[in-house]
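Please open the model in your viewer and keep the sequence panel at hand. The tour below proceeds by selection, one stop at a time.

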Amino acid sequence: CQVSVEGFCNTLRWKNNLSLVEVNMLYRALVGESISQFRHYHSRRRSLAGLCDLFDDGTACPACPKADGTMIVTMDANFGLVRKRSSGRSVTEPLHGNSMFVRDEDVEEYLLSHPDCSKPTEDCSNFKAGNLLRSQNQQKKLDVTGVFGASCRHEIPLMFLNMAHGERLAYPKFIIRELEKRYKDKNINLHFIYDIACVLFTHMHKTGEGIPQGISMAVPAFHVYGHKLQCQIMYSTRRLPGFGLTDGEGMERLWSFLRRFSRMTKEMTPSHRLDLLTDALLYYGRRKSTDLEVQLIQRWDKAEKVWSLAEEEISAVLKEAPMCISERDIQQWMETEIEVAQPARLKTRPTDTVPRWKRNYVMKLTKFNQLRSLNQEYPTGDETQLESDLQAIEKHYGIKQRWCQSDEIFQSTLRDLDQEVRGHLILQAQNEARERVTLLNLKRKYPDGQGIAIRLSKQVNACNRRLKKIITGYNGLQWPPQTTKFPSHLEFPDVRDVSLPLYSFIDEPTGDKSGIPRALKRRAIDALHLKTRAAEEKLLLQREMDTLIHHLHQQHEHLHSAINDTMDPGSKAVLLHSIILLERKLYNAMIMFTNHITVVAPPPNVYLPEFTSVSQSVISADMHILLCDDSSHDKEDEADENDVDDDDDDEVDDCD
């Protein structure tokens, strides 16, 4: 119920009319080890510890691949789950050990061997995650400044660690390394989704570490709208193969549940804090895995709907196109878009056609002549400095006589310089205008005030600022245009749209002269990406259904063996209760998956009458309601999405 022991005792007081002395006695009895031991007892009972050691303890996802497959992992940090230094020290180890949280000593050792003291240079996100400046703002009274964690695409918690600094890039790298070691011998490829995967990807390449084989990275579907267009193209889960329709926001939904414990855990000893958070994570994972088969069916239905909508959008685009095109043409546009968005293409300056010394000489000479024409009697300080610089260049390159503006060498150099500088500025403006138009088209899909619309508005404003900076640089050039294709002066309306006459002389980087409107191309590319991801999602779901059925069969074998091995009546009763619940879940899963996969035969030794006496073609009334009535799940998902907040320090008042 996410309340403290004190809040629990106060509730009992007002419900039972207890005196203050009785409440204090009750509080002293519960505040020590009693609650922790009580929770741990229930955890061991649920996992059948000591009765069936091979039974699932809730730390692994039943639907994720156990061998030979692809596992999608989401990562994120929460800065609300802090701990005060003054909260004391632990005498004993956590009761749960390291089932969910990594040892602090291992994390500290990794941080010391992988110092992350450099500020990320990527400027593509407003979240500032991974920026070491955040660690400088942490309060000195805290010894734990937050929690970094990972969960699978079904939102089952996988691995967590305590942070002693800001959201350093070393923390996700540590999680990646540990999960890679865990699944290395199982031939499982790992797809990581992280808010600043673009920064992490670039950082790992710059440090020489590189991206290990079988690992790819993406930015969550919601957070990607806070990044620049290049990152949206290169790192969105909707554009990268292998991610299906995974939105990557599972950790945000987990934090919305877990952050409500922060008011309690910040005052706890380290061991009690880890035990409470571990119990909360195990409960959250149990809540997600209980109806996992229903979740998979709902995702299948969603994938079919998305595929149908994407197919309709592609058909509409093909009809609206001014010429005959096919999906192969759209595929070519997609490949071209990725090629254009490559970092090397956007960041590399065009090859200089004018030698650097000639460029500097002509620019300084032009400015010198302008200053002299304005002030012919007394030279200014700038004029004196320019005279000195010009003499140094002339001496170094053997220029015996200073160039005049009427000289052919001056005129030809100025023409080449003008073509290079103005052309580069206009090309920059075209890239920014293209990004601005794309962001505006995306923004029109969402109502004003919605989270994604707000993020897109911020990105549009950033594009506007960069365009105005380019305009200032263009208008500040000290010489007039040397050709008629360049305007003498620019204003914002002249550069804000890629369809404006200013960009007519620039060849398209794609070499595409088809005349298809860019907005139509964008719709076609987005629809084809969505159609491809929906098809991937269905393949992922089929594998996950198979994995879930196999997992339940395996758990059934473990329980059946434990029942045969024990002679204690109490233990046998507990095991029989567990295997009947498991068979009920397996029975329902087999019925639901019949139309999607080839369902294997029931286990040879069954305890549930349904497996032998009830036809598998009949679904109980309760199951029919679960499958057909999605309103309750839609409301829960909607509530979870409303809980998602960028500020991890905010407290959420509602309670599940």
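Begin with helix α3, residues 34–46, in this predicted model. The helix has 13 residues and reaches 18 Å from its first C-alpha to its last, close to the 18 Å expected at 1.5 Å a residue. Next, display the side chains of Ser36, His40, His42 and Ser43, which are buried in α3. Turn the view so that you look down the axis of α3: the buried residues fall within an arc of 160°, so they line one face of the helix. In an α-helix there are 3.6 residues a turn, so residues three or four places apart point the same way.

Against which helix do the buried residues of α3 pack? Add α11, residues 270–290, to the selection, as this is their packing partner. Before leaving this region, select Leu48, just after α3, where phi is positive at about 55°.

**A pair of helices: α4 and α6**

Select α4 (residues 104–113) together with α6 (residues 170–183). Their axes come within 10 Å and cross at roughly 115°, and the crossing is right-handed. To see the contact, show Asp106, Val107, Tyr110 and Leu111 on the α4 side. On the α6 side, they meet Ala170, Tyr171, Lys173, Phe174 and Arg177.

**A second pair: α12 and α20**

Now select α12 (residues 292–320) and α20 (residues 518–565), which pack with their axes 8 Å apart and at an angle of about 155°. Because an angle over 145 degrees counts as roughly antiparallel, α12 and α20 are described in that way. The crossing in which α12 passes α20 is left-handed.

Within α20, centre the view on Arg523. Is this residue buried, partly exposed or exposed? Arg523 has a relative accessible area of 30% and is therefore partly exposed. Leaving aside residues up to four places away in sequence, Arg523 touches Glu313, Ala316, Val317 and Glu320. For one of these, Ala316, the C-alpha lies 9.7 Å from that of Arg523, although the two residues are 207 apart in sequence.

**Last stop: Leu490**

Finally, select Leu490, in the loop between α18 (451–475) and α19 (492–495). Leu490 counts as buried because its relative accessibility is 4%, and the cut-off for buried is under 20%. Add Ile471 to the selection: Leu490 and Ile471 are 19 residues apart in sequence, and their C-alpha atoms are 6.1 Å apart in space.

How values were computed
Residues numbered from 1 in each chain as written. Predicted model: local features only at pLDDT ≥ 70, side-chain atom pairs only at ≥ 80, totals over all residues. Heavy atoms only, no water. Helix = DSSP H or I, 4+ residues; strand = E, 2+ residues; numbered from the N terminus. Buried < 20%, exposed > 50% of the residue type's maximum accessible area, 1.4 Å probe, protein only. Expected span 1.5 Å × (residues − 1). Arc of directions from axis to C-beta. Contact = heavy atoms within 4.5 Å. Axes fitted to C-alpha atoms, helices over the stretch in contact; angles between N-to-C directions. Parallel < 35°, antiparallel > 145°, perpendicular 65-115°, else oblique. Left-handed = near helix turned anticlockwise from the far one by under 90°.
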